[in-house]
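Q: Could you take me on a close look at one strand of this model, and then show me how the parts around it are laid out? I am in my first year, so plain words would help.

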Amino acid sequence: MEPVESQTRTETAPDFSPSAGTAFTAAPATPGRVERRKRPRTWETPPAPVPPPHLDDYKKIVGEAEIDELRFLARELKGKTLKMVNSTAVGGGVAEMLNQLVPLLNEVEVVTHWDVITGGNDFFEVTKGFHNALQGSDYRLTQQARDIFLMNNEQNRQRLQFNEEFIVIHDPQPAPLIQARTNSPQHWVWRCHIDLSNPNPEVWGFLRPFIEKYDAAIFSSQSFARQLPIPQYLFYPCIDPLSEKNKELDDAFVQQVCDELGIDRSRPIVTQVSRFDRAKDPVGVIQAFKEARKYVDSQLVMAGGGATDDPEGAAVLREVREAAGDDPDVIILDLPPWCALQINALQRASTIIVQKSVKEGFGLTVTEALWKGKPTIGGAVGGIPNQIIHKLTGVLVHSVEGCAYQMRYLLTHPEFAKQLGENGRAHVKENFLMTTNVRRWLLLLRILNGRK
Amino acid sequence: MTTSAVTPVRPHTAVKAFYFNTSAHLLRVTPQKATTLVEFLGALRECPEGSIFQHTFRTLQEHHFIREGFSNDFAEWASSACNEPSLAEALASVDVREFTSVAELRERFVQIVGEFVNRNPTVQSRQARETFYFCASDIVVIPTQYVARTLREFAEGLRHVSVHSIQHHFIEARLRIKLMSNDFSQWLLEDLGLPEAARQLNRIDIYTVTLDDVKNQIIRIVERALV
C-alpha cells in the first residue's frame, strides 16, 4: 500500500531496519527524463544510505534548550517498551519517518522496536483498494476481500510478538492486530496517515470496530479525524532538517545543479516540486506562470517524478508538455526518486515555490519549501492551510488567476516575500520538524502512561 | 518596550528559589466544528475550556514568530475563511493577558461573535470557506535543570530555557496564579523585592513582537536590575 504523503518520494535503503520486511520493489532503473540537458550519470543510481541522526545533531538547528526538553520529557519513560508496526520497510513517507524516529526514541531510552507485516499480493491488492476507498474512491467490499484482509492479519498476529507496553499500529492494513491485545496493561494506538475525511462507508464500517478497540487514534489533520469514542490526537507530518532533501547545501552545489539542468539563476525562478498528478494541477501552474510572465521576466521549473512507472503519471506529463509548448522558460524535469539532493538544490535556487494542489494530503513539499525560507504559494486544500497562514507564512490561492496574481506580486515585492519566507521557516521550526515529532510521541506516551 | 529606569539593587538570595519549568502540549481533536458563524457561536459555548485555551493561549506559542497580524485562531478564521474583517478585528483585539480564567475568556468571545451575528443576520448561515475544527491540548509540565536563587542565576536561567518555558511562566501562568501577572514578576516582587522590574515585565507587549523578542526583553530588564 502506498504511503500517505504526496511529496516527491526518496527511496533509500532503511538505516534502522525493522525486524521483518515486505518485498521492496526497487525504483525503476530507467533514468528519468530531463527536458533541457542530459542528466549526469551520477544521478542515475541511488546514493548510499545516510546513517540516522542523533538528537545532538539537531541542536544547531532547534537550539540546546529544545533538545534538553526532549530529554527531560523522556526521563519518566526510561526503559519503557514501544513497538511500531506498519506495512512497508522501504519507500514512502511512513517508512521514511520511522527510519528517523525509531533510533531517536531509542536514544532517549524508550526501547522501540519496529515490525513490518507481511502478506501476499492478494493482501496488498485488497489493502490498496481499502486505501483508495478510505480516501473517497468508489469500492465494492466483497466477502473475498474481507477474508483475505482478515486472514493475512491473523497470520501476522500469530507471527509477531506484542509484549511491549505501548503498541502503535500504522494505517489501516494492520489495524485488526488490535485483536492480539491481552489483559496485560498495554496501551494500543492507531496512527492513521491517510485522509479519512470522506471515507467509503462500507470499508470504514468494516474497519471501525477494530479502531474503536484502541486506546487512542492519531490523525495528520483535524479534517481527517472521525467521530470515535476514543481520544483522537493530531500529529502533523514532519520533515527531517538533516535529510538529503532538507539539509543545508553549498551554493556551489546549487549552482552546479542549475547549470546541469539549464536553469538561469540570474533570472527569477518559480518552482513546483510534485509528482505528475492532476491533484497537483501542474497544467494550472503553467497557465498561471504564463499569465504572470507577461509582467515579470521569470522561468518556471516543474520538477516531478512518477511518470516512468505510472501510466497516469505519464499521461499527465504529456499534458504538462503540451501546456508548456515550445516555451523555453518552462523547464520540465521528470526525476527518479533518489534525487533528493538535486530537489533540495532546486528548491534552494528558487525565488518562489508553488504547490498549487487541488487535492492534497498534508503537502510535505510545502513544508520543505517553507523550511528553506522560500516565499510559497499553496492551494488552500488538505494540510496546506495548516502550514500556510495566508499572507503571514505564505499565500493561499484558489484558482489559476489567483496563483498568477500571487506569482506577480511576490516576484515584484521582494521584501514582503522575504518576510513570508522567514515566517514560514520559523513556523516549520516550531511545528513541523522531526524534533517536534519526537516531542509529540514522548508526550503521548507520557499521557497514556499517566492513565494506566 | 518600556525604557524607564529600574532601581539598581545588589543581587541577593531569594527566600524561595525559582524553578524553571516548561510545558509541552499535545493537540487533541474535539467533536466541535463549525462551517457557519452560527455553528461557530454554538461551538464556542459548548466546547471544552481546553479548546478556548488551545485556540488563544496555545496558538500564540505555535505562531510566536509572527510579529503582526496574528492574535488567535478565532480571528484568523473569521478573516481568512469567513471574510469578515470587522469580526476578525474584534476577535483579534482580545488580549489573553486580561483574563485570569478561561471561562471569562470564553464569555468575551461568545459576546463578540453573538453581537456580530445579531447585527448581521445575513451572515448567520453563510458557509465559510474552511471548516473550523475545535481542538484542545493535553498538557505535561516538565521541570528543567535551571534553578535560580539570585537575580544573576535568574538571568542565566532565562538565557538557557526555551521559548516554551517563557510561554509557560510568562503568558500562561495567569491562569494558574489567577493574577494579572506572571511567574517571573511574582518572584521578582515577592521573593527579591524588585517591584519596578516586576512591573516592567508586565508591560511587555506580547502581540507585537515574537516570543524570542519577549524573552530577550525580559533578559534585558533583569540584567538592568542587576547593575
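**A close look at strand β9 of chain A**

A: Let us begin with a pair of strands in this predicted model. Strand β8 (residues 299-304) of chain A runs parallel to β9(A), and 5 bridges link the two. To find one of these links on your screen, pick A:Val301 and look across to β9(A), where A:Ile331 is its bridge partner.

Now follow β9(A) itself, which covers residues 330-334. The strand is mostly covered, with 5 of its 5 residues buried. "Buried" here means that 20 or more other C-beta atoms lie within 10 Å of a residue's own. Side chains in a regular strand alternate between the two faces of the sheet. In β9(A), A:Val330, A:Ile332 and A:Asp334 point one way, while A:Ile331 and A:Leu333 point the other way. Both sets are buried.

Next, step back to the whole chain. Chain A is divided into domain 1 (64-238 + 433-451) and domain 2 (251-431). The C-alpha centres of these two domains of chain A are 32 Å apart. Where they touch, 7 residues of domain 1 of chain A are in contact with 9 residues of domain 2 of chain A. The domain 1 side of that contact has 3 nonpolar, 3 polar and 1 charged residues.

Chain A also touches chain B, in a contact that takes 31 residues from chain A and 27 residues from chain B. On the chain A side, the elements giving two or more residues are α2 (64-75), β6 (232-234), α14 (414-431) and α15 (434-451). By class, this side has 15 nonpolar, 9 polar and 7 charged residues. Strands meet across the two chains as well: β6(A) and strand β1 (residues 18-34) of chain B run antiparallel, joined by 2 bridges. Look for A:Tyr233, which stands opposite B:Arg28 in β1(B).

Finally, chain B has its own division, into domain 1 (18-23 + 139-226) and domain 2 (25-136). The C-alpha centres of these domains of chain B lie 27 Å apart. Their contact takes 17 residues from domain 1 of chain B and 13 residues from domain 2 of chain B. On the domain 1 side, α7 (163-171) and α8 (173-177) of chain B are the elements that give two or more residues. The largest share of that side, 4 residues, comes from α7(B). Sorted by class, the residues of the domain 1 side are 9 nonpolar, 5 polar and 3 charged.

Notes
Residues are numbered from 1 along each chain as its sequence is written. Chains are lettered from A and ligands numbered from 1 in the order in which they are written. This is a predicted model: local features need pLDDT of at least 70, side-chain atom pairs count only at pLDDT 80 or more; totals for chains, interfaces and linings use all residues. Two residues are in contact if their C-beta atoms, placed from the backbone, lie within 7 Å. Ala, Val, Leu, Ile, Met, Phe, Trp, Tyr, Cys and Pro count as nonpolar, Asp, Glu, Lys and Arg as charged, and the others, Gly among them, as polar. Two strands pair if DSSP finds at least two bridges between them. Domain bounds come from an automatic or database domain assignment. A residue is buried if 20 or more other C-beta atoms lie within 10 Å of its own, exposed if 12 or fewer, and partly exposed in between; C-beta atoms are placed from the backbone.
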